[in-house]
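Please open the structure in a viewer and keep the selection tool at hand. The stops below are arranged so that each selection leads to the next.

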Amino acid sequence: MDTLSVVGGGIAGLALAACLDPRRFQVTVHERRAEQPSVETSLAMWPEAQQALDEVGILPAVRAAGSDFGAMALRDGSGNVLLKARAPGVIGVSRADLLRLLDAAVPASVAKTHGQVASLPRPGLVVGADGVHSIVRRSVWGERSRARLSPYLALRGIIDEPVPAGGGGEHWGRGQLFGIATASRGRTYWYASYRSGLGPGGIDVEEALALTRAHLSGRAAGIDRVLLAATPGQTLAQRVWTVPFPGSYQRDCAVLVGDAAHGMTPNLGRGACEALIDAVTLAKLLNSRPLPAALRAYNRRRLLRSQALRVASSGMARLALAETTQPLRDGLLRLAGGRGPIGS
């Protein structure tokens, strides 16, 4: 039986542990936190991610816990609609619910430890599922692979109110983004992003929320409604970090999955989806092929696809958070939406 250590007990790590063949692998999951974060956020599960959840065996439960995204709109900073769209088949699910369901799917044969991992577990294969600041990536790929700090502050949270009819979507202002989506149990999930000097670590959520109100309040009724109801206890505030191209997801006796491999800006809503696809793809290959062949096949299947999404997400961030080119951007989006100038 082969020894396999998963560093990181988040979405990618738990999904991998749930899918590995316990007859072939002796698996240990090393997770820094003994408890999941207390602040809820919502994740978009696109069809490919739902296929991965089906492989794990929890798709029906995720559908029951989640909600349909429904109709969405892209608006300018004042709330005027630029484009309307739907996200058919996309499920919004609470990160807490998803982690709970993934954890329940992990077989009892998997050992779990809690605490900071100071050095890589040995012997056997080590899977870096430990996020953008991955110790596995830094230890094996070197200091040049350290996460890179973007100029953006991101806030996310839940308020205990439903999204008004037609109120879902994103507002793109001048260097500012604000999103509203339906969350589970009839609530509202919201997120915001803009340039900020706060952080990068130890951000005071109350200060960040006050700064966000100062930046965004008074521009659109939908934003004002959410920010009025938002509380520090239900809000997460973080600087946005990304991961540079590592060249390969496999090196020596280590392999990367999820944000440790391709941490990206949140603008495409694909980070959690790609983490699930990574984990299920790697597990299926490890279960069916010799270790070296499995790792090579995983690298071929996942490297270019996930890196293309990382680059595309960065491009979307630059578009959504445009500053000097914001009027041109909005004009082109109005033309694309067939609406012409506002008020015409």
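A cavity, in this tour, is a set of grid points where a 1.4 Å probe fits but cannot get out, and its lining residues have an atom within 4 Å of a point. The model on display is predicted.

**Stop 1: the enclosed space**

One cavity of 30 Å³ or more is present in the structure. The space inside the largest cavity amounts to about 40 Å³. Please select its lining: Gly77, His171, Trp172, Gly173, Gln176, Leu177, Phe178, Leu216, Arg219 and Ile223. Two elements, β11 (169-172) and β12, each give two or more residues to this lining. Strand β12 makes the largest contribution, with three residues.

**Stop 2: aromatic pairs**

Keep Phe178, one of the lining residues of the largest cavity, and add Trp190. A search of the whole structure yields three aromatic pairs. In the pair of Phe178 and Trp190, the ring centres are 5.6 Å apart and the planes lie at 10°, so the pair is stacked. Phe178 belongs to strand β12 (residues 176-183) and Trp190 to strand β13 (residues 187-195), so the pair ties together parts that are twelve residues apart in sequence. Are Phe178 and Trp190 buried or exposed? Both are buried.

Next, select Tyr189 and Tyr191. Their ring centres are 5.6 Å apart and their planes are at 35°, so this pair is tilted. Tyr189 and Tyr191 are both buried.

From Tyr189, move to Glu40, which sits in the loop between β2 (25-31) and β3 (42-45). The C-alpha atoms of Glu40 and Tyr189 are 9.1 Å apart in space, although the two residues are 149 apart in sequence. Glu40 has a relative accessibility of 21% and therefore counts as partly exposed.

**Stop 3: salt bridges**

Side chains of opposite charge can pair when their charged atoms come close. The structure has 18 salt bridges. Select Arg270 and Glu48, whose closest N and O atoms are 3.2 Å apart in a salt bridge. Arg270 lies in the loop between α8 (259-262) and α9, and Glu48 in helix α2, so the pair ties together parts that are 222 residues apart in sequence. Arg270 is buried at 11% relative accessibility, whereas Glu48 is partly exposed at 37%.

Now select Glu274 and Arg302, which form a salt bridge with closest N and O atoms 2.6 Å apart. Glu274 in helix α9 and Arg302 in helix α10 are 28 residues apart, and the pair links distant parts of the chain. Glu274 is buried, at 0% relative accessible area, and Arg302 is buried at 4%. To see how these pairs belong together, select Glu48, Arg270, Glu274, Asp278, Arg302 and Arg305, which a network of salt bridges links.

**Stop 4: a pocket**

The second largest pocket has a volume of about 270 Å³. Its lining comprises 13 residues, of which Gln51, Ile277, Val280, Thr281 and Lys284 are the closest to its centre. Helices α2 (47-56), α9 (271-288) and α10 (291-320) each provide at least two lining residues. Which element supplies the largest share of this lining? It is α9, with six residues.

**Stop 5: the surface**

Finally, select Leu328, Leu332 and Leu335, which make a nonpolar surface patch of about 340 Å². Leu335 is located in helix α11 (residues 326-336) and is exposed, with a relative accessible area of 63%.

How values were computed:
Residues are numbered from 1 along each chain as its sequence is written. This is a predicted model: local features need pLDDT of at least 70, side-chain atom pairs count only at pLDDT 80 or more; totals for chains, interfaces and linings use all residues. Side-chain values use heavy atoms; hydrogens and water are left out. Patches are made of residues with over 30% relative accessible area and no salt bridge: like charges are joined within 9 Å, nonpolar side chains (Val, Leu, Ile, Met, Phe, Trp, Tyr) within 5 Å. Accessible areas come from the Shrake-Rupley method with a 1.4 Å probe; for residues, only the protein chains shown count as cover. A salt bridge is a side-chain nitrogen of Lys or Arg within 4 Å of a carboxyl oxygen of Asp or Glu. Helices (H or I, at least four residues) and strands (E, at least two) are DSSP runs, numbered from the N terminus. Buried means under 20% relative accessible area, exposed over 50%, partly exposed in between (1.4 Å probe, protein chains only). Rings of Phe, Tyr and Trp (its six-membered ring) pair if their centres lie within 6.5 Å; planes under 30 degrees apart count as stacked, over 60 as edge-to-face and the rest as tilted. On a 1 Å grid over the protein atoms alone, a cavity is a set of points where a 1.4 Å probe fits but cannot get out, and a pocket is an open set with protein on both sides within 12 Å along at least five of seven lines; lining residues have an atom within 4 Å of a point. Grid points are joined across faces, edges and corners, and a volume is the space filled by probe spheres set on the points.
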